Amino acid sequence: MALNISSIFSLTLAAVFAAAHAFAQTPMYHVTDLSAGQPCVASAINDAGQTAGSCTQQSATPLRAASWNGTRVSDLGVLPNGHYASATAINSFGVTVGDGDAGDWQPRPFVTFKGSLLNIDPSGGANMRAVGIMDSGVIFGNYARGLSGNTSAWTPVYYVEEASKPGRYRRYELPRLAGGDSKLNTAYATASNKRGQAAGWVQTSILGQRGALWNNDAAHSVVALEPIPGSAQSVAWAINDVGQVVGGSWIPFVGDRAVLWNNDAAHTPVDLGVLPGDVSSTALAINAAGQVVGVSVSPTNERRAFLSVQGAMLDLASLVVPGDGAWSVTHVFAINNAGQIVAMGVNNGRVASILLTPIAQ
């Protein structure tokens, strides 16, 4: 089933290209604390700056899905009878998806629907997760039928709401990469974009693990993303709205290396490097202007979030305006097309979920 590009996507992308020159220089960031006095993690953001994730509360269901509009946090709750829930993606309209259990501790994909969380796949299965949502409402995720043997292999999927039955979704499978021992063939989607493309990884007995790109053609054809020279395998963690993919390549006896796969015909991989003094890195998100965020790791396993702009990798903490305090940024989750970033930071020994907003220069 082919997915149509929405007019919202076209307008947003045009605005991104019109403003791309603003990112040519190194940005500085203002920090907004999203913790709201409780342990929270905002892990997704849309282009309007709305964020989503989860908060831990002192209740019978401590981990609950949450969303933010500015610093105002909203408790999205859990599925009926559920113990936990966490949001993973939010579209331009603020519709949020994620996963949580329905009483059995096994993850089920949900979407916010009429003020509550709706289980979009009640048919059953050992594990199911949602990783992305288009502005059209199409949801991307993963499905596993069993817990052991070949049945435990993940299958990337997408869900489409039935036009005549609001709130009811039909599941479609994305293809795996052909070839090799079928018992060792698996795939997993980690993210999607507004065009209906998805990224993640595939694994076969011939290739091993490779990053993957699922196209938005009628067959949702899958492409293996080759690792950088000297690497043994790769994985993709994010995709932007123009089809560029980021992730990591594993170099034997060295570790991961952050990679950008271009949107050319060959999906050429680009080694993004590491921060000075570090030994490994992974790219975790990219926006349509080509700004990449991820983490770089020292020989003693200290983590620093980075921003990569036009081939230059920068310590994200060094870009915080001095008036906002001395922050270290240890984890980073997403970046939107306005350049806003959701991350985890430490200030005066306190860990907080933060929103980094670029300031005009």
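The following exercises, each with a worked solution, concern a predicted model.

**Exercise 1. The sheet around β19**

Determine which strands make up the open sheet that contains β19, in what order they stand, and which of them are its edges.

Solution. Begin with the pairing of β18 (residues 233-239) and β19, which is antiparallel and extends over six bridges; within it, A238 has V246 of β19 as its bridge partner. Next, β19 is joined to β20 (residues 255-261) by seven bridges, and these two strands also run antiparallel, with I251 standing opposite G255 in β20. The last step leads from β20 to β21, an antiparallel pairing over four bridges, in which V259 stands opposite D271 of β21. Put together, the four strands form an open sheet in the order β18-β19-β20-β21 with antiparallel pairing. The edge strands are β18 and β21 (269-273), since each pairs on one side only. On average, and with direction ignored, neighbouring strands of this sheet are turned by 35° against each other.

**Exercise 2. Hairpins and enclosure of β19**

Find which residues take a positive phi in the hairpins on either side of β19, and work out why β19 is described as largely enclosed.

Solution. In the hairpin of β18 and β19, five residues lie between the strands, and G243 takes a positive phi near 90°. In the hairpin of β19 and β20, three residues lie between the strands, and here F253 takes a positive phi near 65°. For the enclosure, the count for β19 (residues 245-251) is six buried residues out of seven, so the strand is largely enclosed by the rest of the structure.

**Exercise 3. Aromatic pairs**

Classify the pairs Y84 with W105 and W154 with Y188, and state where in the chain the partners lie.

Solution. A pair of aromatic rings is described by the distance of the centres and the angle of the planes. The count for the model comes to five aromatic pairs. For Y84 and W105, the centres are 6.0 Å apart and the planes make an angle of 20°, which is a stacked arrangement. This pair links distant parts of the chain, 21 residues apart, with Y84 in the loop between β5 and β6 and W105 in the loop between β7 and β8. Y84 is buried because its relative accessible area is 18%, whereas W105, at 54%, counts as exposed.

For W154 and Y188, the centres are 5.2 Å apart and the planes stand at 85°, so the pair is edge-to-face. W154 lies in the loop between β11 and β12 and Y188 in strand β14, so the pair ties together parts that are 34 residues apart in sequence. Both W154 and Y188 are buried. Ring pairs also link F140, Y158 and Y172 into a cluster. A ring can have a charged neighbour as well: the charged end of R171 sits over the ring of Y143, 3.9 Å from its centre.

**Exercise 4. The surroundings of S281**

Decide whether S281 is buried or exposed, and describe its polar contact and its other neighbours.

Solution. S281 lies in strand β22 (residues 280-286). Its relative accessibility is 1%, and because buried means under 20%, S281 counts as buried. A polar atom of the S281 side chain lies 2.6 Å from the backbone oxygen of G273. Leaving aside neighbours within four places in sequence, S281 is in contact with D256, R257, A258, G273, V274, V295, S296 and F306.

Key:
Residues numbered from 1 in each chain as written. Predicted model: local features only at pLDDT ≥ 70, side-chain atom pairs only at ≥ 80, totals over all residues. Heavy atoms only, no water. Buried < 20%, exposed > 50% of the residue type's maximum accessible area, 1.4 Å probe, protein only. Polar contact = N/O pair within 3.5 Å; in protein donor to acceptor, adjacent residues only side chain to side chain. Contact = heavy atoms within 4.5 Å. Phe/Tyr/Trp six-rings, centres within 6.5 Å; stacked < 30°, edge-to-face > 60°. Lys NZ or Arg CZ within 6 Å of the ring centre and 35° of its normal. Pairing = 2+ DSSP bridges. Axes fitted to C-alpha atoms, helices over the stretch in contact; angles between N-to-C directions.
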